[in-house]
Amino acid sequence: PPWRICVRQDDPIPSTESSPSDDVKRSPVPPRSTGMSPQSQPATEASKWNPSRRPSSDHQIRRSHAGPMAAYRQLEHFVEGPSNQLAYRSVCRLLEDPQHASPMSPLFLHGDCGVGKTHLLQGAVRSASAQFNRIRYYSAEQFTNEYIRAVREHDLERFRQQLRTLDLLAIDDVHFFSHKEGTQNEFLHMLDACLLHGTKLLLAGDGHPNRFKAFSRALSSRCVSGMVVHIESPDAT
């Protein structure tokens, strides 16, 4: 039913000389409406969990100190199976590779929506934070927005330096660059600079790079220059 808000004024605090029966008479009986605000409910009702209640200040402080990477998925929680075993072990091998410039880089993961590509990318970035100082996770949309902002603010050199000197760079939803010629050129030059620097690259998209018709031939070639792994849909078992 529609929500209904009831507003009432609390009775004054009873004096210590009042009898218990007077206290009982003064104690308000909460309305039966489910839309009553938490402040007007008794303490036992207000303390119950409510989806609309905001987290406490202590919880907000702890989350702010945890950093944005606290919201990333973890590799330890990834369920390994026949459909994604190669992709999972390839990501782990890329992180464990002692060579700064891994021959597996760029590692490109592709598959249908919901097969775990983002989980692997975010988990890799979170795990790499223990051994690398300069890491970054981007969605392709975030990369595009940052690039456009840098061009508008004449700050393109700083944007390039931030990405081309990383230890690990993960970019999700690479297919988002389709039909964006300017962003594709910047992304291509960034890949070349990162490979020259020795950055470990981890990319993901909905399809094989060679099948992106709106991609330039040079960009498709660069995406498959390392290792390409297809994540299949999991079976019933």
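**Overall architecture and the setting of helix 6**

The protein exposes about 15,200 Å², of which carbon and sulfur atoms supply 51%. The model analysed here is predicted. Of the 237 residues of the protein, 36% count as buried. The secondary structure comprises 9 helices and 5 strands, arranged along the sequence in the pattern α-α-α-α-β-α-β-α-α-β-α-β-α-β. Among contacts in the protein with a separation of 6 or more, 76% are accounted for by residues 24 or more positions apart.

Helix 6 was examined in further detail. This helix covers residues 140-152. With 13 residues at 1.5 Å a residue, helix 6 should span 18 Å, and the distance between its end C-alpha atoms is 18 Å, so the expected and modelled spans agree.

The buried residues of helix 6 are Ala-140, Phe-143, Thr-144, Tyr-147 and Ala-150. Viewed down the axis of helix 6, these buried residues fall within an arc of 130° and therefore line one face of the helix. The elements that cover the buried residues of helix 6 include two strands and two helices: strand 2 (135-139) and strand 3 (168-172), together with helix 7 (156-164) and helix 8 (181-197).

The backbone just after helix 6 was also considered. At this position, His-154 adopts a positive phi of about 55°.

Notes: Residues numbered from 1 in each chain as written. Predicted model: local features only at pLDDT ≥ 70, side-chain atom pairs only at ≥ 80, totals over all residues. Heavy atoms only, no water. Helix = DSSP H or I, 4+ residues; strand = E, 2+ residues; numbered from the N terminus. Expected span 1.5 Å × (residues − 1). Buried < 20%, exposed > 50% of the residue type's maximum accessible area, 1.4 Å probe, protein only. Arc of directions from axis to C-beta. Contact = heavy atoms within 4.5 Å. Areas by Shrake-Rupley, 256 points an atom, 1.4 Å probe, with all protein chains shown as cover.
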